[in-house]
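Student: I should be grateful for a close look at a single part of this protein, taken slowly and set in the context of the whole chain. Please connect each detail to the ones around it.

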Amino acid sequence: MPSNFSLKSTPINDPRPSGFRPRRSPRLACHIPIRVFGKNQEGRTFYEDSSTLVIAREGGLIRLAQTPAPNLHIYIHCHPTNQGGRFRVVGEYSSSKSLHRYWGVELLKPGENLWGVEFPELSEEDGRAVRVVLACPNCRRRERTFMDEAQIEFLHERGGVIRECPTCKVSALWKEVPYFEEA
Ligand SMILES: [Zn+2]
């Protein structure tokens, strides 16, 4: 984890040592529109239209301007699958360059396929990084790579990353495409 990326708050009401829960699927960079329902720190109920930044089979990293109340669960409705589930908020994540606030969340009932995504098998490469698929806007060449959360934030907030394409030799803004479309 780079030095400009830190876990701001400690896990909320979590007696388990960090990293105790085994990671059961690779993490994928994926922009999925969601609606989040919860209670904020003042005890007021809120809903917020948002999106995921990273998904895993049983959790993810979501953008959320609200501060969810500690110890309460949030409900996330996933628009593409029209399904929802209750999540525990693990903590707030943001890098020093963040334009938005991001929160780590864990699904309370493992086994639900809320995101509607077939996750690939976990490989050694997954480690602490997130799988990303980028596409050249000129020739559509696709490349699978690994990034950390701060790099993915950067990618989302700027709409892509400038790269020179090995195929068409054009420097252009490569954009993220959903991981599962590549497979
Ligand atoms: Zn190209």
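Student: Before we turn to that part, what pLDDT does the protein chain average, and what share of the residues score at least 70? After that, please examine the part of the chain around valine 105: in which strand does valine 105 lie?

Tutor: The model is a predicted one. The protein chain averages a pLDDT of 84, and 85% of the residues score at least 70. Residues 1-20 call for caution, since the pLDDT there is below 50. In the model this stretch has 29 contacts beyond near neighbours in sequence.

A brief view of the whole chain will help to place the part you have chosen. The protein chain has two helices and 12 strands. Read from the N terminus, the order of elements is β-β-β-β-β-β-β-β-β-β-α-β-β-α. Of the 183 residues in the protein chain, 29% are buried. Among contacts between residues at least 6 apart in sequence, 62% join residues at least 24 apart.

We now come to valine 105, which lies in strand β8, residues 102-107. Valine 105 has 27 other C-beta atoms within 10 Å, and because a residue with 20 or more is classed as buried, valine 105 is buried. Beyond its neighbours within four places in sequence, valine 105 is in contact with Gly59, Gly60, Ile62, Ile74, Phe87, Arg88, Val89 and Val90. Several of these contacts can be placed in the strands. Strand β5 covers 59-63, and the contacts of valine 105 include Gly59, Gly60 and Ile62. Strand β6 covers residues 74-78 and strand β7 covers residues 83-95; the contacts also include Ile74, Phe87 and Val90. A further relation across the sequence concerns alanine 56: valine 105 and alanine 56 are 49 residues apart in sequence, while their C-alpha atoms are 9.9 Å apart in space.

The strands around valine 105 deserve attention next. β7 and β8 pair in the antiparallel sense over six bridges. They form a hairpin, with six residues between the two strands. Within this pairing, glutamate 92 stands opposite tryptophan 103 in β8. On the sequence side before β7 comes β6, and these two strands also run antiparallel, joined by five bridges. Here histidine 77 stands opposite glycine 84 in β7. β6 and β7 form a hairpin with four residues between them, and in its turn asparagine 82 has a positive phi of about 55°.

Another asparagine is found in the loop between β5 and β6, namely asparagine 71. Its phi is positive, about 75°, although asparagine 71 is not a glycine. Asparagine 71 has 9 other C-beta atoms within 10 Å, and because a count of 12 or fewer is classed as exposed, asparagine 71 is exposed.

From here we may follow Ile62, one of the contacts of valine 105, into the nonpolar core. Ile62 is among the residues that touch the most other members of the largest nonpolar core, together with Ala29, Val54 and Ile55; this core has 36 residues. Domain 1 (27-107) and domain 2 (128-182) both contribute residues to the core, so the core lies between them. Alanine 29 illustrates contacts with residues in both ranges: apart from residues up to four places away in sequence, alanine 29 touches Val54, Val130, Arg131, Val132, Met147, Ile152, Glu176 and Tyr179.

Those contacts lead to the second domain. Ile152 is one of the buried residues of helix α1, residues 149-158; the others are Glu149, Ala150, Glu153, Leu155 and His156. Just after α1, glycine 159 takes a positive phi of about 80°. Strand β9 (residues 130-135) pairs with strand β12 (residues 171-177) in the antiparallel sense over three bridges, and in β12 the bridge partner of valine 133 is valine 177. Strand β11, residues 161-164, also pairs with β12 in the antiparallel sense, over four bridges. In this pairing valine 161 has tryptophan 174 as its bridge partner, and isoleucine 162 stands opposite leucine 173. β11 and β12 form a hairpin with six residues between them, and lysine 169 in the turn has a positive phi of about 65°. Lysine 169 counts as exposed, with 9 C-beta neighbours inside 10 Å.

Note on methods:
Residues numbered from 1 in each chain as written. Predicted model: local features only at pLDDT ≥ 70, side-chain atom pairs only at ≥ 80, totals over all residues. Core = buried A, V, L, I, M, F, W, Y, C linked by C-beta atoms within 7 Å. Domains from an automatic or database assignment. Contact = placed C-beta atoms within 7 Å. Pairing = 2+ DSSP bridges. pLDDT = per-residue confidence, 0-100.
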